Amino acid sequence: MIINKTEKIARLAYLFGLLGLFGLFLGIVLSVTIEYIQYGDKYTLLQYSLSELGTYNRSSTAILINGGLFFGSLSLTMSCLFGLQMSNRFSSGLMWLSLIVTFIALAAIGLFPLNVHHLHLHAVSIYIYFGFLSAALCVVECAIERKPPLCMPFILSCLVLMIHGAILSHEYWRESLGAKPISDGMLFQAIVSQSPKPAVWWLSILFWGSIVSMWLWMLSICRWYFLPHRQGKQ
């Protein structure tokens, strides 16, 4: 009976996870593709942040990317809530709780675009901090479990950890932002919008990298954690 309950929860976690990943993928890819068709070579992800793409009155596809972020992240939040029910250790529960906060923050990024400036910056900062914490806890969990199927979630959580760690490296960005010392507020402002734009907007690129790596990480969790439990193999 316990196994059947676990399989049912894992099935819901798996389905909500895939639905959320599809929503994020569809919203972001459609938005980027339409912008590229409209502006051609003038549009490049090296020069435009995720937040600018979701800014109303600036981007014609804002509703697509914001909708994908909001509904996709809410579905991923539900997936993590079911994952929390499957946790059997305190550290595992902390990881799922951190992921829940991370995806709620990502949903808030879509709900409160750059037009709602302060709320948007708060959502971005929570996403970065809790994404870093979630990845660190996942590394610990995979090290404790030591199961071969968790190799890919381990690798991708390390990637997320490195990207978020690079973003949070205040000292590294101090010179490029011309601030001594740089504050959290200035850092997250530099992620979402800069004027004039640098030739290569590294903070924005890292944030795009964070979204992509987070997407792949959750896909690996669905494939190598939820799916085996759903099939009763663990």
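This briefing covers the cysteines, the surroundings of T55 and the geometry of helix α5. The structure is a predicted model. A search of the whole structure finds zero disulfides. T55 is a buried residue in a loop between two helices, and the end-to-end span of α5 agrees with the value expected for its 29 residues.

**Cysteines**

- A disulfide is a covalent bond between the sulfur atoms of two cysteines.
- For C142, the closest cysteine sulfur is that of C138, at 4.0 Å, which is too far for a bond because a disulfide requires the two sulfur atoms to lie within 2.5 Å.
- C222 is likewise in no disulfide, and the nearest cysteine sulfur, belonging to C80, is 8.5 Å away.
- C142 counts as buried because its relative accessibility is 9%, under the 20% limit.
- C222 also counts as buried, with a relative accessibility of 1%.

**Surroundings of T55**

- T55 is placed in the loop that runs between α2 (50–53) and α3 (62–86).
- With a relative accessibility of 7%, T55 counts as buried.
- A polar atom of the T55 side chain lies 2.7 Å from the backbone oxygen of S51.
- Leaving aside residues up to four places away in sequence, T55 touches A62, L114 and N115.

**Helix α5**

- Helix α5 comprises the 29 residues 117–145.
- At 1.5 Å a residue, α5 should span 42 Å, and its end C-alpha atoms are indeed 42 Å apart.
- R146 follows α5 and has a positive phi, near 55 degrees.

Terms used
Residues numbered from 1 in each chain as written. Predicted model: local features only at pLDDT ≥ 70, side-chain atom pairs only at ≥ 80, totals over all residues. Heavy atoms only, no water. Buried < 20%, exposed > 50% of the residue type's maximum accessible area, 1.4 Å probe, protein only. Helix = DSSP H or I, 4+ residues; strand = E, 2+ residues; numbered from the N terminus. Polar contact = N/O pair within 3.5 Å; in protein donor to acceptor, adjacent residues only side chain to side chain. Contact = heavy atoms within 4.5 Å. Expected span 1.5 Å × (residues − 1).
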